[in-house]
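User: I am new to this structure and would love a close look at a single part of it. Could you take me through the largest pocket and what surrounds it?

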Amino acid sequence: MKWLETDTENCPVRRALDLVGEKWTLLILRDAFNGVRRYDEFRRHLGLSEAVLADRLRKLVAAGLLRAEPYREPGTRTRYEYRLTRKGVDFWPVLLALKQWGDIHAGEPEGPVLDIRHADCGAPVRVVVQCEGEERATLAARDVTVRPGPGARPLTP
């Protein structure tokens, strides 16, 4: 079966985009990775409407990328903090790859806005595609072959 003969309804890229493929969703996740937890903090930092923020947070919780943890300050009603789940943490390399691409192709002339470094040694961090063979070679798109996997389904006319 060739790519153009493959049904794309169950494509993992498509399914991922169904969960995170909207600008505000990605920016909420970016902020969550940078320590933002509370609704008011997200709203103030991102500058989006209450309706959009509430909708995106609800969807991220339903999708299992964030979890809502109740808290209550004295004299106020119960509110929620939004924390990354394991599934949300697993999204970090994707967000980092998007940042890396943005730095190169849509970045500021002065350099990166975020400087991400290894906490132990201080070296810059970057995302690479790596072969899982013994050599662990870094790969480019031209270095790989792609074919339908076991979950692929043929396109139905």
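Analyst: The lining of the largest pocket is made up of 13 nonpolar, four polar and five charged residues. Keep in mind that this is a predicted model, with the pocket's volume computed at about 630 Å³. Of the 22 residues that line this pocket, R30, L95, L98, K99 and L114 are the closest to its centre, so these are good places to begin as you turn the model.

Now look at the elements around the pocket. Two of them, helix 2 (23-33) and helix 6 (92-105), each give two or more residues to the lining. Helix 6 gives the most, with eight residues.

Let's follow helix 2 a little further, to its partner helix 3. Helix 3 covers residues 39-46, and it packs with helix 2 at an angle of about 115 degrees, the two axes lying 11 Å apart. Their crossing is right-handed. On the helix 2 side of this contact you will find W24, L27, I28, R30, D31 and A32, while helix 3 brings F42, H45 and L46. By class, the residues of the contact are six nonpolar, one polar and two charged. You may recognise R30 here: this residue of helix 2 takes part in the contact with helix 3, and R30 is also among the residues closest to the centre of the largest pocket.

For a wider setting, UniProt has a record for residues 11-110, in an unreviewed entry, as "domain: HTH hxlR-type". In the model, that span is 59% helix and 12% strand, and its end C-alpha atoms lie 38 Å apart.

Finally, it helps to set a second pocket beside the one you asked about. The second largest pocket holds about 290 Å³ of space. It is lined by 17 residues, and W3, T6, C11, P12 and P148 are the ones closest to its centre. Its lining has nine nonpolar, five polar and three charged residues, next to the 13 nonpolar, four polar and five charged residues that line the largest pocket.

How values were computed
Residues numbered from 1 in each chain as written. Predicted model: local features only at pLDDT ≥ 70, side-chain atom pairs only at ≥ 80, totals over all residues. Heavy atoms only, no water. 1 Å grid on protein atoms, 1.4 Å probe; cavity = no way out; pocket = protein on both sides within 12 Å on 5 of 7 lines; lining within 4 Å. Points joined across faces, edges and corners; volume = space filled by probe spheres on them. Helix = DSSP H or I, 4+ residues; strand = E, 2+ residues; numbered from the N terminus. Nonpolar A, V, L, I, M, F, W, Y, C, P; charged D, E, K, R; others polar. UniProt positions renumbered as here; feature names shortened; annotations may be inferred. Axes fitted to C-alpha atoms, helices over the stretch in contact; angles between N-to-C directions. Left-handed = near helix turned anticlockwise from the far one by under 90°. Contact = heavy atoms within 4.5 Å.
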